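Reader: Could you take me closely through the surroundings of the ligand, and then add what can be said about one helix and about the cysteines? I would like a connected account rather than a list.

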Amino acid sequence: MVVNMKGRFITLEGTEGVGKTSNLNFIENILRDAGIDVVRTREPGGPPLSETIRKMVLDTHQDDICDDTELLLMFAARAQHLHQLIIPALEAGKWVVCDRFTDATYAYQGGGRGIDQSRIAILEKWVQGDLRPDLTFLLDMPVEDGLARASSRSEPDRFELEKQDFFEHVRHTYLRRAKAEPERVKIIDASPSLDKVQHQIGEVLSEILAQ
Ligand code: TMP
């Protein structure tokens with residue numbers, strides 16, 4: 001797949017309850033204020049078919065879904081998302097801001113479920129070719145604190161029903177990936193107050209906007 005990317009692709013990642021929504025709003029506002037045409041989206045999800053897959057994988061009644069099915073559904077949703085929304089937007093020069101992307105697959109299906117990273121890499125190459133985010137914010141905080149925040153907001157989805165140990169593996173995998181790719185993945189300490197978190201994000205965004 002050859003993508004003639006004129007826009008930029010920014011993703012936001014983290015374990016449950018790290019504050020993705022408020023920080024996505026913040027990122028979107030900064031970019032819009034800078035005059036950039038922004039498309040905001042999420043994974044799994046985006047176009048209608050991918051949102052249908054999202055409902056399936058988050059549904060707590062799907063308690064017998066096997067790990068490979070879960071992995072393939074994530075990439076099926078992603079293939080449709082790339083084809084219908086992300087690639088056309090990037091080619092049109094828009095900036096895409098996406099709530100989670102393939103780092104989440106490495107973290108949740110790889111770290112959490114224990115699927116070999118090399119198998120995920122095969123699907124990544126198949127579905128994305130060489131397309132990778134230009135910049136990824138990893139909102140990081142102790143798992144326990146995030147889970148306490150997440151549980152106070154809504155009914156848990158199929159992933160939120162997992163035990164703390166699952167999310168410790170997810171966090172560890174995210175951090176390992178960030179350390180392996182420090183240019184792309186910026187670790188943001190998500191524990192302090194929102195304005196302190198946003199200050200860190202703002203500094204990184206000013207750099208990319210200055211390029
Ligand atoms: P969220 O968008 O509300 O965080 O919910 C999405 C859930 O899906 C979250 O628990 C992480 C999970 N997920 C995966 O397991 N693999 C993936 O590739 C993606 C994009 C999300």
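Author: What follows begins with the ligand, then turns to helix 6 and ends with the cysteines. The model is a predicted one, and the values given here are computed from it.

The ligand is surrounded by 14 residues, of which the closest are Glu 16, Arg 100, Thr 105, Tyr 108 and Gln 109. Glu 16 also places a polar side-chain atom 3.1 Å from an oxygen atom of the ligand, and Arg 78 likewise has a polar side-chain atom 3.1 Å from a ligand oxygen atom. In the side chain of Lys 20, an N or O atom is found 3.3 Å from an oxygen atom of the ligand. Taken alone, the ligand would expose 480 Å², and the protein buries 93% of that area.

Turning to helix 6, which runs over residues 143-151, Val 143, Gly 146 and Ala 150 are buried. These three lie on the same side of helix 6, because they cover an arc of only 65° around its axis. The face turned away from that buried side carries Glu 144 and Ser 151, which are exposed, while the cover over the buried residues of helix 6 includes helix 7, residues 164-180.

As for the cysteines, with a disulfide taken as a pair of cysteine sulfur atoms within 2.5 Å, the count comes to zero. Cys 66 counts as partly exposed, because its relative accessibility is 41%, whereas Cys 98 has a relative accessible area of 0% and is therefore buried.

Note on methods
Residues numbered from 1 in each chain as written. Predicted model: local features only at pLDDT ≥ 70, side-chain atom pairs only at ≥ 80, totals over all residues. Heavy atoms only, no water. Buried < 20%, exposed > 50% of the residue type's maximum accessible area, 1.4 Å probe, protein only. Helix = DSSP H or I, 4+ residues; strand = E, 2+ residues; numbered from the N terminus. Arc of directions from axis to C-beta. Contact = heavy atoms within 4.5 Å. Near = heavy atom within 4 Å. Polar contact = N/O pair within 3.5 Å; in protein donor to acceptor, adjacent residues only side chain to side chain. Areas by Shrake-Rupley, 256 points an atom, 1.4 Å probe, with all protein chains shown as cover.
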